[in-house]
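Me: Please take a close look at one residue of this protein and set it within the fold as a whole. I should like one connected account.

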Amino acid sequence: DALKIFESLSKKEPQWAEPINKIATIKFLMGDYKGSVNDIKLTLQLEPRHFGAISGLVQICIIEKKYEEALEYLELVIEIHPYIGIKNLKPYIKKLVKKTFI
């Protein structure tokens, strides 16, 4: 039901990034990572500094084992919001990047 509500809201307010970000979050929780990434990209077109959306990209990249990409997005989100909790993943992601090169 939440997905339908936010899809309806995003149609009524197409220039508002937050309903689209909520759609991305719901798709993420449903395991639809590709759909989530598509909606995150739409969110970022409307609000390029949406640190929640970028944090979602970090999480999806980790799940998909795209560690270098995850680290790049993490650096971006930390630049926007230096106190965000997801920054604590940085050492973990760095270790994963090193493992992929060994």
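Reply:

**Contacts, fold and a single tyrosine**

In this predicted model, residues 24 or more positions apart account for 39% of the contacts in the protein with a separation of 6 or more. The elements behind this fold are helical: the protein has 6 helices and 0 strands, and the pattern along the sequence reads α-α-α-α-α-α. The C-alpha trace spans about 50 × 25 × 20 Å along its principal axes.

The residue chosen for closer inspection is Y92, which is part of helix α6. That helix covers residues 90-100. Y92 has a relative accessible area of 45%. It is classed as partly exposed because this value falls between the 20% under which a residue counts as buried and the 50% over which a residue counts as exposed. A position elsewhere in the chain can be related to this tyrosine: L71 is 21 residues away from Y92 in sequence, and the C-alpha atoms of Y92 and L71 are 9.8 Å apart in space.

The wider surroundings of Y92 may be described through burial, surface and charge. Of the 102 residues in the protein, 37% are buried. The accessible surface of the protein amounts to about 6,700 Å², and carbon and sulfur atoms contribute 57% of that surface. As to charge, the protein carries 16 positive and 13 negative charges, and the mean positions of these two groups lie 6 Å apart.

Definitions and conventions: Residues are numbered from 1 along each chain as its sequence is written. This is a predicted model: local features need pLDDT of at least 70, side-chain atom pairs count only at pLDDT 80 or more; totals for chains, interfaces and linings use all residues. Side-chain values use heavy atoms; hydrogens and water are left out. Helices (H or I, at least four residues) and strands (E, at least two) are DSSP runs, numbered from the N terminus. Buried means under 20% relative accessible area, exposed over 50%, partly exposed in between (1.4 Å probe, protein chains only). Contact means heavy atoms within 4.5 Å. Accessible areas come from the Shrake-Rupley method with a 1.4 Å probe; for residues, only the protein chains shown count as cover. Lys and Arg count as positive and Asp and Glu as negative; His and the chain ends are not counted. The place of a charge is taken as NZ of Lys, CZ of Arg, CG of Asp or CD of Glu.
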